[in-house]
Structure formats: C-alpha cells, structure tokens
Amino acid sequence: MFLIGIKRYRKQGPLGSPLTTVAKALLAAARKWRVAECGSYNDLSYKQVTNCRCLDKAMIIDNLDAMRTIRDPWRLCSLNQVEEVKLVLRLFPIWLSCLMLSGITVLQRIGIGLFLSIFVMVVSALVEAKRINIAKEYNLLDHPKAIVPMKVWWLLPQYIIAGLADIFTFVGLQELFYAQMPEAMRSLGAALYLSVTGVGNFISSAIISMVQAISSRNGEEWLGDNINRAHLDYFYWVLAGLSSLNFCVYVWIAKCFVYKKVEEDDVPGEKELGAINGYVDGEII
C-alpha cells in the first residue's frame with residue numbers, strides 16, 4: 001500500500017514566512033483598535049471567543065476597507081489567519097515557562113537522569129523492606145502467593161522517579177549522540193544510543209547471576225523463588241551503590257568532555273584554503 005501511494009503523494013511547499021502572518025494580524029488589529037466590534041466581519045463564519053479578542057478587530061471591515069477594490073492584507077485579515085496567530089500566542093506562555101530548561105546542557109540532562117536512577121533503587125529498597133515487614137507481621141513469609149495487605153500506591157513513587165530518569169537520560173543521549181557525531185557517522189551515533197539498552201540488559205543479567213552466586217555461597221539466595229524469604233531489598237541497595245559509582249564516573253568523564261564546535265568544523269583552515277587555491281606552505285601543488 002505504501003509503494004502504491006508513494007507516487008501519488010504530493011507535498012505542499014512553504015507559502016511564505018509564518019512571521020509575516022503574525023505581523024499582518026497584529027498590525028491590522030493595531031490599526032483598528034478604536035473600531036467598534038459591532039461592525040461587519042471579513043468572514044461570515046466568525047464567532048466571538050474569549051481568547052485574544054483584541055485580534056478579532058483585524059477581521060473588521062471599516063470604511064477604508066469597504067472603499068478598496070483589493071483587500072489590503074496589512075489591514076484586513078481572514079478568520080483563518082487570526083486563529084493561526086491566536087494559536088501561536090497561546091503557546092507563548094508555555095514557551096516562557098520552559099526558559100529555565102534552556103540553561104541545561106545535554107550532559108547535565110543525562111546527569112540528572114543518572115542521579116535520579118540512584119533514588120529509584122533507594123526508594124525501591126525501602127518499599128521492599130516495608131513489604132517484607134508487613135509480610136512478617138501477618139505471618140505470610142512462607143506463603144509467597146498470598147496477598148500482602150499493603151496498598152499498591154507504595155509502588156507509585158519509584159515508577160514516577162524512574163519515568164523522570166528515563167526522560168532526562170534517554171532524550172539527552174539521543175540528542176548527544178546525534179549532534180556530537182560527524183554528519184557522515186550519525187547513523188553510528190544512533191546505533192550507539194540504541195545499544196545502551198541492549199548492552200545494559202546484558203550487564204544486568206550478569207549482575208543478577210553474580211549476586212545469586214555470591215549470596216548462595218554465603219547461606220541464602222537474595223533472589224530466591226520465595227520473594228518473602230528472599231532479600232530483594234538488599235539487591236536494590238547493591239544497584240543503588242553501583243548506580244552511585246556509575247554516576248561519579250560519569251561526572252568525571254563529563255567534565256573532560258568537549259562539545260563539537262560546529263562553526264570551526266564548517267570553516268576551512270589555512271591549509272585547507274591553501275590547498276583549494278593550489279598551494280600549501282608556499283609550495284605549488
């Protein structure tokens with residue numbers, strides 16, 4: 001179906017600068033700010049709305065517009081133009097509220113995600129310890145399939161923090177491996193970004209096997225079949241420690257990282273210019 005439809009697909013090119021549309025609506029409304037709203041409108045389908053009503057005057061046909069045979073786009077706008085400008089203005093407060101995030105670099109964003117991942121393990125360990133204590137209180141340690149009288153909302157904080165950590169880390173990694181790679185190797189950057197999850201799963205499996213082997217050798221398995229008799233909270237503390245160590249290593253590496261300077265990469269140096277002109281270091285080539 002895609003191959004059948006691809007030849008019929010048509011893409012409409014840009015019809016002008018979007019800033020021109022905004023400027024026309026704002027200027028037309030400013031010119032008619034004294035005109036009463038009871039006048040006739042350029043679009044019969046117009047309905048008054050409460051958002052940005054001052055821009056609606058850009059659609060009013062005053063005496064000067066009525067005398068013109070050709071509509072002046074800088075004095076009279078259509079309903080579609082005014083509504084498009086209103087949509088832009090509605091997003092402007094959201095843009096203002098996000099300015100505090102324009103000061104965070106990509107590496108700082110990844111660092112915040114890694115720092116939050118430590119708290120995911122800490123909260124998970126505390127919640128699991130709470131669950132085991134409740135299981136002991138109700139004599140449910142030897143009944144792993146029994147329902148522990150504990151609210152499911154105890155799991156909510158760790159999932160919220162985990163979601164925030166993923167947002168900061170993976171979005172930052174995607175931007176970093178795309179922007180900081182040479183243009184000819186950006187596919188390799190995307191592969192490295194996607195391989196983080198895959199390689200991480202292999203490392204996670206290795207950590208589980210190592211913890212199982214060490215804990216079994218010392219008496220009891222931390223990750224046994226009976227979750228009430230196991231020590232899943234201990235395992236979470238181990239992961240919290242490893243995450244802390246990983247975060248320290250990341251901070252050390254991030255401090256030494258130098259961002260790619262696009263301006264210098266795009267401008268050829270003296271030798272490149274000389275080679276283009278046919279000489280290098282005073283010698284004809």
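Student: What makes Phe115, Phe119 and Phe247 a cluster?
Tutor: Ring pairs link the three residues. Rings of Phe, Tyr and Trp (its six-membered ring) pair if their centres lie within 6.5 Å; planes under 30 degrees apart count as stacked, over 60 as edge-to-face and the rest as tilted. The model is predicted: local features need pLDDT of at least 70, side-chain atom pairs count only at pLDDT 80 or more, and totals for chains, interfaces and linings use all residues. Residues are numbered from 1 along each chain as its sequence is written, and side-chain values use heavy atoms, with hydrogens and water left out.

Student: How many aromatic pairs does a search of the whole structure find, and what kind is the pair of Phe115 and Phe119?
Tutor: The search finds four aromatic pairs. The ring centres of Phe115 and Phe119 are 5.2 Å apart, within the 6.5 Å limit, and their planes meet at 70 degrees, over 60, so the pair is edge-to-face.

Student: Where do Phe115 and Phe119 lie?
Tutor: Both are in helix H5, four residues apart, about one turn of the helix. Helices here are DSSP runs (H or I, at least four residues; strands are E, at least two), numbered from the N terminus.

Student: Why is the pair of Phe115 and Phe247 called stacked, tilted or edge-to-face?
Tutor: The centres of Phe115 and Phe247 are 5.5 Å apart and the planes are at 50 degrees; that is neither under 30 nor over 60, so the pair is tilted. Phe115 is in helix H5 and Phe247 in helix H8 (residues 232–256), so the pair ties together parts that are 132 residues apart in sequence.

Student: How do you know whether Phe119 is buried, partly exposed or exposed?
Tutor: Buried means under 20% relative accessible area, exposed over 50%, partly exposed in between (1.4 Å probe, protein chains only). Phe119 has 40%, so it counts as partly exposed.

Student: What makes Lys86 and Asp56 a salt bridge?
Tutor: A salt bridge needs a side-chain nitrogen of Lys or Arg within 4 Å of a carboxyl oxygen of Asp or Glu. Lys86 and Asp56 meet at 2.7 Å, N to O. Lys86 lies in helix H4 and Asp56 in the loop between H2 and helix H3 (63–67), so the pair ties together parts that are 30 residues apart in sequence.

Student: Why is Lys86 called buried or exposed, and what of Asp56?
Tutor: Lys86 has 0% relative accessibility, under 20%, so Lys86 is buried. Asp56 has 1%, so Asp56 is buried too.

Student: How do you know that Glu175 and Arg109 form a salt bridge?
Tutor: Their closest N and O atoms are 2.8 Å apart, and the limit is 4 Å. Glu175 lies in helix H6 and Arg109 in helix H5, so this pair ties together parts that are 66 residues apart in sequence. Glu175 is partly exposed at 36% relative accessible area. Arg109, at 16%, is buried.

Student: What joins Lys32, Asp62, Asp65 and Arg75 into one network?
Tutor: Salt bridges that share partners. One of them links Arg75 and Asp65, at 3.4 Å, N to O.

Student: How do you know that the span of helix H6 agrees with the expected one?
Tutor: The expected span is 1.5 Å times one less than the number of residues. H6 (residues 156–179) has 24 residues, so it should span 34 Å, and its end C-alpha atoms are 34 Å apart. The buried residues of H6 pack against helix H5 (106–137) and helix H7 (186–217); contact means heavy atoms within 4.5 Å.

Student: What makes Tyr159 count as buried or exposed?
Tutor: Tyr159 has 57% relative accessibility, over 50%, so Tyr159 is exposed. Tyr159 is found in helix H6.

Student: Which loop holds Asn139, and why is Asn139 called buried or exposed?
Tutor: Asn139 is in the loop between H5 and H6. Its relative accessible area is 63%, over 50%, so Asn139 is exposed. Its phi is near 55 degrees, a positive value in a residue other than glycine.
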